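Reader: I have a protein open on my screen and would like to go through it. Can we take it one topic at a time?

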Amino acid sequence: MTNILETAMLVCFGLSWPINLIKNIKAKTAKAVSLKFLLLIIFGYLCGIAAKLVSHQYNYVLAVYFLNLAIVTANLVVYFINKKYDEQNGKSNVQPKTPNKNAVRVIDVNEKCYIEIFRVNQTYNYKILALKSDEYKDSTTDSTYYYWTPINECVSFFDTEDKAIAAALEEAKQKK
């Protein structure tokens, strides 16, 4: 019974690794992958395998450990391939601006802020987006990643586009 439960745990845990592997292959970047985490998981599987070998428990549970280890090791290989790909392509850690397609105008305030102007029926409103950051650390990098996020909730509506722009620029200036 203990072998069945251990196998169930390994299968449930191990189902995430092929999904993660496919995601990493498609991403073609190592920016969001933690090398320390992968190495820790590999070490854990090696310990599980060693425990089975030392106790002479050569059964299907050991096979599941090896299968999971192989898939996580494939993730490790993809990590290094993607790391090299990042270096060759000079991948930026700044998300590109992707203005809303419904915006009638996009105004760059500065390199860290832009405004989207929207027409709603016969009125105008706006959204201010700013560059925010998160820090990611692993054994090979100590990086900061930047992404665009709204920093206001404009509930006002303006009768002209110029008034909406003026209000947006004033609010953006205050948010600095």
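Reader: How much accessible surface does the protein have, and what share of it belongs to carbon and sulfur atoms?
Author: Note that this is a predicted model. Its accessible surface is about 11200 Å², and carbon and sulfur atoms hold 60% of that.

Reader: What share of the residues counts as buried?
Author: The figure is 34% of the 176 residues.

Reader: OK, new topic. How many helices and strands are there?
Author: There are 5 helices and 4 strands. Along the sequence the order is α-α-α-α-β-β-β-β-α.

Reader: Is the whole thing compact or spread out?
Author: The protein is more spread out than a compact globule, because its radius of gyration is 25 Å, well over the 16 Å that the globule rule gives for 176 residues. Along the principal axes, the C-alpha atoms fill a box of roughly 80 × 35 × 25 Å.

Reader: What part of the contacts joins residues 24 or more positions apart?
Author: Such pairs make up 56% of the contacts with a separation of 6 or more.

Reader: Let's go inside. Which residues have the most contacts in the largest nonpolar core?
Author: They are L10, W17, L38, Y45, Y65, V72 and Y79, in a core of 19 residues. Helix 3 (35-54) and helix 4 (60-89) each supply at least two residues of this core. The largest share, 9 residues, comes from helix 4.

Reader: Take L38, then. What does L38 touch?
Author: Leaving aside residues up to four places away in sequence, L38 touches W17, V33, V72, N75, L76 and Y79.

Reader: And what lies apart from that core?
Author: Another core, with 13 residues, lies apart from it. Among its members are I117, Y124, I128 and F158.

Reader: Different topic: charges. How many positive and negative ones are there?
Author: The protein has 21 positive and 16 negative charges. The mean positions of these two sets are 5 Å apart.

Reader: One last residue, K173. Where is K173 found?
Author: K173 is in helix 5, which covers residues 161-175.

Reader: Buried or exposed?
Author: K173 has a relative accessible area of 53%. The cut-off for exposed is over 50%, so K173 counts as exposed.

Reader: How far apart are K173 and P18?
Author: In sequence, K173 and P18 are 155 residues apart. In space they are 47 Å apart, C-alpha to C-alpha.

Definitions and conventions
Residues numbered from 1 in each chain as written. Predicted model: local features only at pLDDT ≥ 70, side-chain atom pairs only at ≥ 80, totals over all residues. Heavy atoms only, no water. Rg over C-alpha atoms; globule rule 2.2 N^0.38 Å. Buried < 20%, exposed > 50% of the residue type's maximum accessible area, 1.4 Å probe, protein only. Contact = heavy atoms within 4.5 Å. Areas by Shrake-Rupley, 256 points an atom, 1.4 Å probe, with all protein chains shown as cover. Lys, Arg positive; Asp, Glu negative; His and termini not counted. Charge placed at Lys NZ, Arg CZ, Asp CG, Glu CD. Core = buried A, V, L, I, M, F, W, Y, C linked by side-chain atoms within 4.5 Å.
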